[in-house]
Amino acid sequence: MDTNTFTKGIYTAKAHTQHSANGQFQGYVILSKDDGDDTENTRYDVHSTSPSEEEAFDEAKALAHRILGEIEL
C-alpha cells in the first residue's frame, strides 16, 4: 500500500500497513520530528487489526491526523 505523508511544522507523519496474525492487517504511523540538528522517529500502532489492507491504511491515516492534531507548535 502506498504511504501517505502529512506534515505540521517540523513534524511529519507517515501512514503504513503491515500483515498481522491470521491474515489481518494493521496500520501504523511513523512520526518524525526534524529540528534541523537531529531527526527523531516514533512509531504509533493502530490498536486494532482489519480484514483488508485498505481499511487498515484508512485507520493509519486517521491516526496520523489525530497525532498531528494533538501537537502544539
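Is Arg-43 buried, partly exposed or exposed? In this predicted model, Arg-43 is partly exposed, with a relative accessible area of 40%. That residue takes part in a salt bridge, and the account returns to it below, once the overall fold has been laid out.

The overall architecture is a good place to start. The chain holds one helix and four strands, and along the sequence these elements follow the pattern β-β-β-β-α. Taken along the principal axes, the C-alpha atoms fill a box of roughly 40 × 20 × 20 Å. Of the 73 residues in the chain, 32% are buried. Among the contacts with a separation of 6 or more, 42% are between residues 24 or more positions apart.

The four strands come together in an open sheet with the order β1-β2-β3-β4 and antiparallel pairing. β1 and β4 stand at the edges with a single partner strand each, so one side of each has no neighbour in the sheet. On average, and with direction ignored, neighbouring strands of this sheet are turned by 25 degrees against each other. As general background, the strands of a sheet pair through backbone hydrogen bonds, in either a parallel or an antiparallel manner.

The strand pairs can be followed across the sheet in order. β1 and β2 pair in the antiparallel sense over five bridges, and Asn-4 stands opposite Ala-15 in β2. Next, nine bridges join β2 to β3, which also run antiparallel; here Ala-13 has Leu-31 of β3 as its bridge partner. β2 and β3 form a hairpin with five residues between them, and in the turn Asn-22 has a positive phi of about 60 degrees. Further on, β3 and β4 pair in the antiparallel sense over seven bridges, with Thr-39 of β4 as the bridge partner of Asp-34. These two strands form a hairpin too, with four residues between them, and Gly-36 in that turn has a positive phi of about 95 degrees. β3 itself is mostly covered, seven of its 10 residues being buried.

The helix completes the picture. Helix α1 covers residues 53-70, which makes 18 residues, and reaches 26 Å from its first C-alpha to its last, close to the 26 Å expected at 1.5 Å a residue. Which residues of α1 are buried? They are Ala-56, Phe-57, Ala-60, Leu-63, Ala-64, Ile-67 and Leu-68. These residues lie on the same side of α1, because they cover an arc of only 130 degrees around the axis. In general, an α-helix has 3.6 residues a turn, so residues three or four places apart point the same way. On the other side of α1, Glu-54, Gly-69 and Glu-70 are exposed.

What covers the buried residues of α1? The cover includes β1 (4-8), β2 (11-19), β3 (25-34) and β4 (39-45). One further residue of helix α1 is His-65, which is partly exposed at a relative accessible area of 47%. His-65 and Tyr-28 are 37 residues apart in sequence, and their C-alpha atoms are 12 Å apart in space.

Finally, the charged side chains deserve a look. How many salt bridges does a search of the whole structure find? The search finds two. In one, Arg-43 pairs with Asp-45, and the closest N and O atoms are 2.8 Å apart. Like Arg-43, at a relative accessible area of 40%, Asp-45 counts as partly exposed, at 33% relative accessibility. In the other, Lys-61 pairs with Asp-58, and the closest N and O atoms are 3.4 Å apart. Both Lys-61 and Asp-58 lie in helix α1, three residues apart, which is about one turn of the helix. Lys-61 counts as partly exposed at 21% relative accessibility, a value just above the 20% below which a residue is called buried. Its partner Asp-58 is partly exposed as well, with a relative accessible area of 39%.

Technical notes
Residues are numbered from 1 along each chain as its sequence is written. This is a predicted model: local features need pLDDT of at least 70, side-chain atom pairs count only at pLDDT 80 or more; totals for chains, interfaces and linings use all residues. Side-chain values use heavy atoms; hydrogens and water are left out. The expected span of a helix is 1.5 Å times one less than its number of residues. Buried means under 20% relative accessible area, exposed over 50%, partly exposed in between (1.4 Å probe, protein chains only). The arc is that of the directions from the helix axis to the C-beta atoms. Contact means heavy atoms within 4.5 Å. A salt bridge is a side-chain nitrogen of Lys or Arg within 4 Å of a carboxyl oxygen of Asp or Glu. Two strands pair if DSSP finds at least two bridges between them. Axes are lines fitted to C-alpha atoms, for helices over the stretch in contact, and angles run from 0 to 180 degrees between N-to-C directions.
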